[in-house]
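Q: Hi! Got a minute to walk through this one with me?
A: Sure, let's pull it up.

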Amino acid sequence: MGNQPTTCERLAVTDARDTDAVVALDRFFDELRMEVRSNPELAHRLVKALGATVSFESAMAAKLLNTRELAGTTDETTFRSTLDALSLAEIKSVLKSNNLASPVDIKGLKKPELIDMAYRRALAKANERRG
Amino acid sequence: MSATIAAIANLKGGVGKSTTTVMLADSLAYFFGLNILVIDLDAQANSSQMLLTEQGVHAASEQGKGAHHLLGQFLDGQKAAAAPFITPNAVSIEELRAAEMKSERLGWISALTAHPQLRMDEMSLEEEWYSRTGTPTTLSESLARHFENGFADLLPLYDVILLDCPPHLSPLSRAGLALADVFVLPTLADSVSGWGTKQFITWVQDNLRADLKDRSFSVITRFRNTGYARQMRTELQNITLKDVWFGPTMPESIDVLRAMERPAQDSYDTFRGKYGKMKNDVRRLADEFIEFLVSRRWETSPQRVRD
């Protein structure tokens with residue numbers, strides 16, 4: 001018995017073939033999906049955990065911000081205050097990366113004008129997305 | 001010069017007809033200073049939205065503009081006149097707008113927009129027509145005559161009329177195809193698209209234009225540079241669409257997806273800004289389409305007005 005692998009070692013060896021991270025993660029999420037389907041309590045806890053408020057640095061927030069989603073799911077005050085927390089350059093970057101304005105459109109505009117444009121256009125796009 | 005009517009068509013949907021229509025409109029107006037009319041006959045209104053935004057399409061409809069009004073004239077037995085239903089400004093390129101502001105117009109785009117109502121009206125028309133023992137062929141022929149009369153006053157005003165046809169052979173589509181001088185055939189480099197293109201060519205050759213291949217300009221769109229796609233492109237060029245003029249192969253690009261979503265009705269961008277890394281591909285599209293037109297229809301090549 002001395003050189004025989006234990007059960008734990010055998011499992012580790014079996015799993016060691018998953019050198020590809022994507023394959024390993026796919027398996028993990030498959031297991032999680034199956035468990036969530038059969039375990040509503042866990043599903044509820046996971047969904048609640050996902051609903052936590054997450055804060056980002058403004059530069060990162062500018063990169064992650066989906067203005068259409070923000071305009072479509074929150075009110076105008078929240079939208080404006082979210083953008084107001086960003087710098088002028090960051091708002092311009094948000095407008096361009098969200099395809100809400102071209103460089104021609106935003107040339108020479110001040111922060112309040114940019115936020116007005118962002119809200120008006122993001123809301124219009126959000127309304128277009130609605131069925 | 002009377003406008004050349006180009007139908008952008010394919011039996012299959014999703015091959016890039018509307019995107020090709022808009023790229024041709026922008027590039028012909030920008031590089032060659034041509035006056036372009038885009039007629040959107042597809043009730044999905046994709047090229048209309050790409051040019052004017054969804055809000056713009058609804059606004060046009062509320063102002064009494066759109067191709068469905070032309071169809072309404074047919075339904076009501078009225079004389080055809082398309083001009084009142086045209087949105088005169090469908091420009092999103094800053095250089096075109098700036099030239100216009102200085103009264104130095106060098107290239108312009110107008111649009112006869114589509115609207116979902118177009119398909120509703122077409123269905124009503126079909127029901128009425130067929131209940132009176134009419135046939136799809138007599139309906140499409142009557143519609144083609146109506147459109148021909150409706151567009152007659154427009155021909156001297158434009159250099160190129162781009163007809164964005166729906167992806168099937170509905171009466172509207174057949175009427176549009178019957179009016180076309182030349183055909184632009186966008187296709188994807190895959191077997192299903194090749195099949196749709198082949199069916200389309202066979203039908204049009206048998207029913208409308210025996211010399212279709214001589215009048216056609218094909219564009220492979222959304223090309224992903226893989227071994228399979230290269231093989232399919234070769235087969236399209238050498239077998240399925242043999243004897244058809246091939247324009248440039250347009251690569252799949254996020255820049256095109258972005259370019260086709262105008263941020264707002266009052267948004268303008270430079271040509272370079274709008275098309276980004278695709279700028280040279282779109283320029284080649286215009287260059288080769290002009291070369292095709294000169295070899296088939298035009299006596300001289302228009303001068304390039306911008307680089």
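Q: Let's start with the strands: in which sense do S2(B) and S3(B) pair?
A: Parallel: strand S2 (residues 35-40) of chain B and S3(B) pair in that sense over five bridges. Keep in mind that this is a predicted model.

Q: Which residue in S3(B) is the bridge partner of B:Ile36?
A: That's B:Ile109.

Q: And is S3(B) itself buried or exposed?
A: Five of the five residues of S3(B), residues 108-112, are buried, so the strand is largely enclosed by the rest of the structure.

Q: Which way do the residues of S3(B) point?
A: B:Trp108, B:Ser110 and B:Leu112 point one way, while B:Ile109 and B:Ala111 point the other way. That fits the general pattern: in a regular strand, side chains alternate between the two faces of the sheet.

Q: Cool. Switching to helices: at what angle do H3(B) and H5(B) pack?
A: About 20°, with the axes of H3 (residues 67-75) and H5 (residues 117-131) 9 Å apart. Angles under 35 degrees count as roughly parallel, and H3(B) and H5(B) are therefore roughly parallel to each other. The crossing is left-handed.

Q: Which residues meet there?
A: From H3(B), B:Ala67, B:His68, B:Leu71, B:Gly72 and B:Leu75; from H5(B), B:Gln117, B:Leu118, B:Asp121, B:Glu122 and B:Leu125. By class, that contact has five nonpolar, three polar and two charged residues.

Q: Last topic: how many residues does each chain give to the contact between A and B?
A: Ten come from chain A and twelve from chain B. On the chain A side, helix H8 (103-106) and helix H9 (111-129) are the elements that give two or more residues. That side has five nonpolar, two polar and three charged residues.

Key: Residues numbered from 1 in each chain as written. Chains lettered and ligands numbered in written order. Predicted model: local features only at pLDDT ≥ 70, side-chain atom pairs only at ≥ 80, totals over all residues. Buried ≥ 20, exposed ≤ 12 C-beta atoms within 10 Å, placed from the backbone. Helix = DSSP H or I, 4+ residues; strand = E, 2+ residues; numbered from the N terminus. Pairing = 2+ DSSP bridges. Axes fitted to C-alpha atoms, helices over the stretch in contact; angles between N-to-C directions. Parallel < 35°, antiparallel > 145°, perpendicular 65-115°, else oblique. Left-handed = near helix turned anticlockwise from the far one by under 90°. Contact = placed C-beta atoms within 7 Å. Nonpolar A, V, L, I, M, F, W, Y, C, P; charged D, E, K, R; others polar.
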